[in-house]
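Visitor: Please walk me through this one at a gentle pace. I'm new to this, and I'd like the terms explained as we go.

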Amino acid sequence: MVTPEPGSRLLAVLGPTNTGKTHLAVERMLGHATGMIGFPLRLLARENYDRAVRLKGSRAVALITGEEKILPARPRYFICTVESMPLDREVDFLAVDEIQLAADAERGHIFTHRLFHARGREETMFLGSDTIRPLIRRLIPEARFITRPRFSRLGYTGSKKIARLPPRSAVIAFSVPEVYALAEVMRRQRGGTAVVLGALSPRTRNAQVAMYQAGEVDYLVATDAIGMGLNMEVNHVAFSSLTKFDGLISRRLTAPEVAQIAGRAGRYMSDGTFGTTAGLGPIEPEIVEAVENHRFDPLDSVFWRNASLDFSSPAALLKSLEVGPPAAALARARDGDDHLALSGLAKDPEIKRLAANPEAVRLLWEVCQIPDFRKIMSDAHTRLLARIYRYLRAAEARLPEDWAAAQIARLDRTDGDIDTLTARIASIRTWTYVSYRADWVRDPAHWQQRTRAIEDRLSDALNQRLTQRFVDRRATVLVQRMRGRERLVGAVAKSGEVVVEGEYVGRLEGFRFIPDEAAERHDARALTNAARRALRGEIAVRVRRFADEGDAAFALGVDGRLLWRGVPVARLRAGNDILTPKAEPLPSDLLEPALRETMRRRLAAWLESHIAAQLERLFRARDCDLSGAARGLVFQLSEGLGSVGRRPVADQLRALTAGDRKALTRLGIRLGQELIYMPALLKPAAVEIRALLWAVYHDFDDPPAPPGRVSAPLDESLPAGFYAAVGYPPAGTRAVRADRLEKLAAAARKLSRQGPFMATPVLASLVECPPGELAGVLAALGYRAVQDQTGVSFTRERHRRHKGRAKRKREADAHADSPFAKLRGLLIAR
């Protein structure tokens with residue numbers, strides 16, 4: 001312990017986060033001839049070591065941590081972790097950062113020891129939270145206090161969904177699985193995130209923090225490791241949980257713990273905010289008020305462990321570790337990992353035999369302090385400690401090189417997943433710690449270099465795995481570029497592949513952008529937004545080219561979609577009548593309303609000419625100058641897409657003159673005994689478009705396929721109107737093409753004049769139906785089956801036809817004012 005010179009100052013610089021306490025301490029240290037600062041984290045020690053080296057040069061500054069020592073020949077300043085502070089060295093200035101960690105159940109006793117025993121000759125400074133002020137005043141009466149106000153305000157903003165967190169946000173979790181699960185969500189919804197947790201090596205943490213600081217990602221998922229002074233540009237801290245496992249139990253965070261973590265938001269003069277993620281619920285109002293106003297209940301005790309140890313025997317050492325604290329404000333620390341390791345090893349008879357003198361017991365205690373960076377204190381670690389101790393107590397008093405080399409070599413592998421690499425890094429860090437014990441290994445510089453190189457390789461591999469898993473570089477780059485106002489550079493290859501800012505984002509099909517299939521849902525939105533911005537000019541050019549295209553570039557698919565050069569660009573929708581459907585461009589995020597309208601007009605013109613060409617006979621008949629009765633019949637044919645049953649148009653047929661019949665025949669209209677139809681419209685191409693027009697008009701999403709043969713079984717899921725519209729009226733259990741149904745009707749009439757007739761295969765072949773189904777077809781044509789000794793025969797139901805005529809006459813008489821009744825009267829008068 002250094003004895004302070006008379007008049008030396010002991011200062012406690014206290015205040016919330018972002019008050020410049022650490023900056024002040026480093027400046028004060030460098031103002032003295034010699035100095036030492038202890039930090040709570042190796043990462044912080046390294047960060048401030050680099051800063052001191054920039055200011056004073058590498059020859060003047062030493063770095064001492066459990067795993068790393070950089071010791072120039074004559075250093076003036078020592079940057080250390082609190083545990084590694086060489087207190088036997090006298091320095092003019094000494095400081096300990098985050099002194100309130102004396103109340104930490106795991107490491108608190110080390111900070112308490114420094115509070116009592118670490119002093120600079122001229123100046124001593126303890127930095128930390130104001131919550132420890134009453135205890136310092138009570139335990140160190142000579143201390144003077146300096147209060148540092150926070151440079152910026154910290155405000156509570158409530159709960160937010162992850163998808164709505166602002167850029168430069170840190171999301172906090174308290175276990176490795178929770179961190180990884182949140183990072184997966186952030187990658188899907190926000191494009192990517194950096195990851196910071198205590199299990200990562202400093203090199204990996206530095207790489208992840210650097211990625212965040214450089215703006216490669218806008219989000220960070222971390223444990224409370226970020227609460228200890230990591231200087232990052234965080235604007236908002238979102239807690240995904242307010243419960244943590246402290247080594248013994250799961251408990252709620254205290255208000256000072258919330259403040260320590262939330263205080264990472266807002267740096268220097270920039271205000272920060274904190275809140276929770278959706279699903280967690282709000283933070284208690286009293287905690288919010290305490291954090292915003294930096295008012296917390298003071299600490300009532302700190303942890304203490306006896307530093308005056310008895311090395312006469314393992315049992316005596318254990319007993320001295322269990323000595324109670326000397327003051328009421330001091331609480332006995334829980335048994336640390338070193339204490340637990342000693343308890344285990346002391347039960348080993350061979351270890352007890354080897355630890356036979358104070359020097360051997362002291363060595364045993366030093367071995368027990370080899371850290372298990374995996375934080376699991378497994379039997380494997382205890383066995384490792386036992387083996388190291390046996391080697392050190394052997395005649396050579398060194399670790400065998402071949403054994404150490406084998407232990408280290410099995411860790412020199414960069415394959416495996418994140419958890420595997422993390423475990424290897426933890427193990428190699430233990431060996432790095434061992435390598436810095438120069439009295440334990442031969443050629444310690446060699447082993448230090450070897451273990452450091454392995455840790456660096458593993459750390460780089462781990463950083464690569466984390467980035468691959470939790471960062472979508474493409475989406476992140478695009479999102480960042482879209483925040484600016486500059487124009488995004490995009491291009492479309494002949495194959496339709498879309499590249500924006502050098503990144504493949506998807507493909508262009510017609511005027512629709514299809515995001516890369518490998519992208520997640522949120523990433524797809526980002527890619528679509530990027531494509532919309534980058535391709536705005538390209539889409540306008542495409543639409544102009546589209547509008548100028550000739551008719552040969554367009555086609556109509558059987559599914560009702562309109563194709564442009566083989567690519568779907570629109571689909572049919574019902575129009576005012578069955579022959580005039582509308583063309584509706586397919587949904588596209590890239591089309592402005594004016595461009596859509598340009599497309600719609602061009603498609604409408606093509607569609608009108610295409611339908612007219614496919615149903616040319618029907619349209620020619622519609623446009624022909626015919627008499628009223630003939631024109632009415634053609635209208636009914638148009639409504640039926642080229643065919644209609646005879647009975648529904650019986651009145652129009654009776655009103656036709658001989659001239660009308662000739663005119664209709666010249667137009668390709670067949671006036672059959674059962675049907676009125678146009679043979680030209682029974683060809684496959686015409687039937688196909690008839691089916692499509694019917695489906696569109698009747699809002700069928702999936703146009704049904706037409707029968708395609710002379711006859712086919714009826715599909716019960718389709719209405720009879722569909723079959724009639726495509727020229728295959730239902731007859732019994734089958735749909736029969738109109739011309740073949742007429743042939744069958746004529747043959748049946750001819751046979752029926754000679755009396756009852758049999759349903760022969762010849763008749764069945766006319767409509768290509770199984771003989772067993774012919775009876776239903778004949779029944780539909782008005783023939784009745786008669787069973788006698790010779791079998792089943794068919795006869796015409798004449799009385800049905802006469803009754804039908806009488807009924808229609810009565811209906812006509814009842815509607816004497818109808819147009820058809822008046823037309824009949826005019827014809828009779830002529």
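Guide: Before we look at how helices cross, one term: axes are lines fitted to C-alpha atoms, for helices over the stretch in contact, and angles run from 0 to 180 degrees between N-to-C directions. Helices (H or I, at least four residues) and strands (E, at least two) are DSSP runs, numbered from the N terminus. Keep in mind that this is a predicted model: local features need pLDDT of at least 70 and side-chain atom pairs count only at pLDDT 80 or more, while totals for chains, interfaces and linings use all residues. Residues are numbered from 1 along each chain as its sequence is written, and side-chain values use heavy atoms, leaving out hydrogens and water.

Visitor: OK, at what angle do the axes of α6 and α16 cross?

Guide: Look at where the two helices meet. Their axes come within 8 Å, and the crossing angle of α6 and α16 is roughly 40 degrees.

Visitor: How is α6 placed with respect to α16, then: parallel or oblique?

Guide: Angles under 35 degrees count as roughly parallel, over 145 as roughly antiparallel, 65 to 115 as roughly perpendicular and the rest as oblique. With the crossing at roughly 40 degrees, α6 is therefore placed with α16 as oblique.

Visitor: Is the crossing of α6 and α16 left-handed or right-handed?

Guide: A crossing is left-handed if the near helix is turned anticlockwise from the far one by less than a right angle, and right-handed if clockwise. By that rule, the crossing of α6 and α16 is right-handed.

Visitor: Which residues of α6 make the contact?

Guide: Contact means heavy atoms within 4.5 Å. On the α16 side, the partners include E455, S459, L462 and L466. On the α6 side, the contact is made by P202, R203, T204, A207, Q208 and M211.

Visitor: Let's do sheets. What is the order of the strands in the open sheet of 6?

Guide: Two strands pair if DSSP finds at least two bridges between them. Pairing in this open sheet is parallel, and the order is β9-β16-β13-β10-β12-β11.

Visitor: Which strands are at its edges?

Guide: An edge strand here pairs on one side only. That picks out β9 (154-160) and β11 (194-196).

Visitor: Which residue in β16 stands opposite Y156?

Guide: β9 and β16 (residues 272-277) run parallel to each other, paired over 5 bridges. Opposite Y156, in β16, you'll find F274.

Visitor: And what is the order in the open sheet of 4 strands?

Guide: This time the pairing is antiparallel, and the order is β19-β20-β21-β22. From one strand to the next, the twist averages 30 degrees. To repeat the order you asked for: β19-β20-β21-β22.

Visitor: In the hairpin of β21 and β22, which turn residue has a positive phi?

Guide: The two strands pair in the antiparallel sense over 4 bridges, one of the bridge partnerships being E509 with R512 in β22. There are 2 residues between the strands, and the one with a positive phi of about 65 degrees is G510.

Visitor: What phi does D443 have?

Guide: Most residues other than glycine have a negative phi, and most peptide bonds are trans. D443 sits in the loop between α15 (418-435) and α16 (444-470). It isn't a glycine, yet its phi is positive, at about 55 degrees.

Visitor: How does D443 count: buried, partly exposed or exposed?

Guide: Buried means under 20% relative accessible area, exposed over 50%, partly exposed in between (1.4 Å probe, protein chains only). Because its relative accessibility is 47%, D443 counts as partly exposed.

Visitor: Which residues touch the most other members of the largest nonpolar core?

Guide: A nonpolar core is a set of buried Ala, Val, Leu, Ile, Met, Phe, Trp, Tyr and Cys residues joined through side-chain atoms within 4.5 Å. The largest one here has 73 residues, and those touching the most other members are F511, I539, L562, L615 and I669.

Visitor: Which helix gives this core its largest share?

Guide: That share is 9 residues. The helix, covering residues 684-697, is α25.

Visitor: How far apart are the C-alpha atoms of A685 and P282?

Guide: A685 is in helix α25. Along the chain, it is 403 residues from P282, and their C-alpha atoms are separated by 66 Å.
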